[in-house]
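Thanks for making the time this morning. I would like to walk you through one chain, so please have the sequence and the model open while I talk.

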Amino acid sequence: QVQLVESGGGLVQPGGSLQLSCVASGSISMSIIEWYRQGAGKQREWVAQILSGGRTTYADSVKGRFTASRDNAKNTAYLELNNLKPEDTAVYSCKAPWFNAWGQGTQVTVSS
């Protein structure tokens with residue numbers, strides 16, 4: 001069973017950037033990797049996905065600001081967050097549907 005561990009969250013000012021990592025305990029080369037976020041008191045929201053071949057899709061709310069990527073050799077997926085806004089504040093989690101695996105999440109807080 002593959003396990004996922006996210007990292008890279010933190011406190012950043014509006015307009016700032018962060019890079020989140022999602023490290024898998026085994027090979028994820030065949031799996032789509034999805035990114036979700038959940039703000040306090042809000043429902044979980046799908047943010048982005050990256051296919052095994054690298055094709056990406058994004059939610060309208062983050063399109064043009066967030067970039068998903070992956071390095072299958074390192075069993076790692078990334079989510080680069082740019083031009084962050086206060087409404088991006090949430091716990092960000094990655095998911096590998098092929099393994100039905102979720103990470104524990106990493107907190108992103110955007111505040112001045």
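Which handedness does the link of Cys-22 and Cys-94 have about the S-S bond? The link of Cys-22 and Cys-94 is right-handed, with 75° about that bond.

Before I go further, a word on the source: this is a predicted model, in which local features need pLDDT of at least 70 and side-chain atom pairs count only at pLDDT 80 or more, while totals for chains, interfaces and linings use all residues. Residues are numbered from 1 along each chain as its sequence is written, and side-chain values use heavy atoms, with hydrogens and water left out.

Back to the cysteines. The structure holds 1 disulfide, a term that here stands for a pair of cysteine sulfur atoms within 2.5 Å, and the sulfur atoms of Cys-22 and Cys-94 lie 2.1 Å apart. This pair links distant parts of the chain, since Cys-22 sits in strand β3 and Cys-94 in strand β9, 72 residues apart; strands, I should say, are DSSP runs (E, at least two residues) numbered from the N terminus. Both cysteines, Cys-22 and Cys-94, are buried, where buried means under 20% relative accessible area, exposed over 50%, and partly exposed in between, with a 1.4 Å probe and protein chains only.

Let me turn to the core. The largest nonpolar core (buried Ala, Val, Leu, Ile, Met, Phe, Trp, Tyr and Cys residues joined through side-chain atoms within 4.5 Å) has 29 residues, and those with the most contacts inside it include Leu-4, Ile-33, Trp-35 and Phe-66. Among the elements that give two or more residues to this core are β3 (18-24), β8 (76-81) and β9 (90-96). If we take Leu-4 and leave aside its neighbours within four places in sequence, its contacts (heavy atoms within 4.5 Å) include both Cys-22 and Cys-94, along with Trp-102 and Gln-104.

Next, the sheet. An open sheet of 4 strands has the order β1-β3-β8-β7, with antiparallel pairing, where two strands pair if DSSP finds at least two bridges between them. Its edge strands are β1 (4-7) and β7, each of which pairs on one side only, and the twist averages 15° from one strand to the next, with axes taken as lines fitted to C-alpha atoms and angles running from 0 to 180 degrees between N-to-C directions. Within this sheet β3 and β8 are joined by 6 bridges, and Val-23 stands opposite Thr-76 in β8.

Finally, the charged side chains. The count comes to 4 salt bridges, under the rule that a side-chain nitrogen of Lys or Arg lies within 4 Å of a carboxyl oxygen of Asp or Glu. One of them joins Asp-88 and Arg-65, with the closest N and O atoms 2.7 Å apart, and this pair connects the loop between β8 and β9 with the loop between β6 (56-58) and β7, 23 residues apart. Asp-88 counts as buried because its relative accessible area is 1%, and Arg-65 is buried too, at 7%. Salt bridges that share partners join Arg-37, Glu-45, Arg-65 and Asp-88 into one network. Inside that network Glu-45 meets Arg-37 at 2.8 Å, N to O; Glu-45 is partly exposed because its relative accessibility is 29%, whereas Arg-37, at 7%, is buried. Asp-60 and Lys-63 form a salt bridge at 3.1 Å, and both of these residues are exposed.
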